[in-house]
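Please walk me through one sheet in this protein. Keep the steps short and go strand by strand.

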Amino acid sequence: MANPFIGYIGTYTKGESKGIYKFTLDTEKKELSEAKVAAELDNPTYVAISKDNQNLYSVVKDGNSGGLAVFSIDEQTGDLQSINRQVTEGPSPCHVSVNKANHFVVTANYHRGTIEAYLLNEDKSANPAASVAEHTGSGPNLERQEKPHAHYSGFTPDEKYVIAVDLGIDQIITYSCDQGVLKKVSSLSVKPGSGPRHIVFHPNGKFAYVMTELSNEVIVLSYNADEGSFQELQYIPAIPEDFAENSQGSAIHISSDGKFVYAANRGHDSIAVFKVENDGGKLEFVEWTSTGGHWPRDFVLDPTERFVIATNQESSNAVLFERDPETGKLTRLPSEISVPDPVCVKFLHQG
């Protein structure tokens with residue numbers, strides 16, 4: 001593996017941020033480099049990197065419009081070069097994913113309650129959205145669930161389906177997507193008021209884990225790859241039961257060996273560590289680790305998975321942790337960098 005590793009941080013640009021930032025992690029020195037602007041654009045809060053490391057896709061705000069921005073990545077330097085963007089009038093999306101073949105992108109729009117599918121040209125420029133799936137309904141939380149709020153869109157492990165997670169209607173929705181046309185094939189309603197936010201799949205493709213924003217829980221689901229359907233197996237708290245202050249679940253990730261699930265809590269300002277049991281069908285709580293800042297929107301395992309970087313939005317810092325692959329536990333290291341209003345963090349892929 002190449003060292004140091006190049007990573008990117010998506011941000012809110014309501015303050016000092018200029019857009020997408022680039023940094024490196026030196027795994028030998030156990031050190032993060034200073035974050036520098038890689039691309040100037042408004043509110044690139046979430047980014048996705050193609051498996052071949054040729055392109056970076058970002059959500060973008062463009063005046064009173066929002067949508068998708070496409071960049072090429074310089075193989076040597078990691079510098080970003082704009083290719084094009086596709087925007088429509090209204091709020092920008094909050095999440096973006098790209099398929100392994102790097103020709104199909106999906107976004108989730110929290111404010112519109114929609115999922116958008118974009119087909120890419122040979123030069124990786126994006127066409128206007130091929131289809132838009134609009135969610136309907138509401139939930140019991142009158143402040144946060146007055147209407148649909150799509151918070152995640154991504155692909156199943158075999159990429160047969162697109163999965164949407166909607167906080168506003170407490171649903172996990174499965175779509176087929178032939179030639180970019182989204183068609184609903186299945187949906188699962190989870191605990192009312194839980195506010196599901198993000199989902200990750202176990203490497204075996206038989207189970208998935210959903211982080212809830214409103215109830216600060218992880219939901220363990222079984223997954224039927226043929227039908228694209230889910231079933232609830234377990235709800236496990238991601239914060240202490242006696243924690244009475246405001247906390248909202250954010251990101252969830254899993255180690256590539258499928259042994260540990262990690263979930264971040266904004267307010268409790270922690271990453272909860274869970275051990276995976278029963279081949280993926282059950283989680284067992286291990287510990288909480290402070291993220292070394294306030295309001296952790298995201299975190300990432302580095303390509304070696306020996307390290308974790310947590311991005312704290314309200315304290316504008318990214319903090320480095322060492323990860324024990326045997327116990328799953330995280331230990332804070334004396335390396336952190338300043339990044340204004342960080343949201344999403346991603347590394348270039350290795351191997």
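In which sense do strand 27 and strand 28 pair, and over how many bridges? The two strands run antiparallel, and 6 bridges join them. Strand 27 covers residues 317-323. One bridge links E322 to T331, which lies in strand 28. Keep in mind that this is a predicted model.

Now step back to the whole sheet. It is open and has 4 strands, in the order 25-26-27-28. The pairing is antiparallel. Strand 25 (296-301) and strand 28 (330-338) stand at the edges. Each has a single partner strand, so one side of each lacks a neighbour in the sheet. From one strand to the next, the twist averages 25°.

Next, look at strand 25 and strand 26. They pair in the antiparallel sense over 5 bridges. P296 has N312 of strand 26 as its bridge partner. The two strands form a hairpin, with 5 residues between them. In that turn, E305 has a positive phi of about 60°.

Strand 26 also pairs with strand 27, again antiparallel, over 6 bridges. Here F307 has E322 of strand 27 as its bridge partner. This pair forms a hairpin too, with 4 residues between the strands. S316 in the turn has a positive phi of about 50°.

Finally, consider how covered strand 26 is. The strand spans residues 307-312, and 6 of its 6 residues are buried. Both faces are covered. On one side sit F307, I309 and T311, and on the other V308, A310 and N312.

Terms used. Residues numbered from 1 in each chain as written. Predicted model: local features only at pLDDT ≥ 70, side-chain atom pairs only at ≥ 80, totals over all residues. Heavy atoms only, no water. Pairing = 2+ DSSP bridges. Axes fitted to C-alpha atoms, helices over the stretch in contact; angles between N-to-C directions. Buried < 20%, exposed > 50% of the residue type's maximum accessible area, 1.4 Å probe, protein only.
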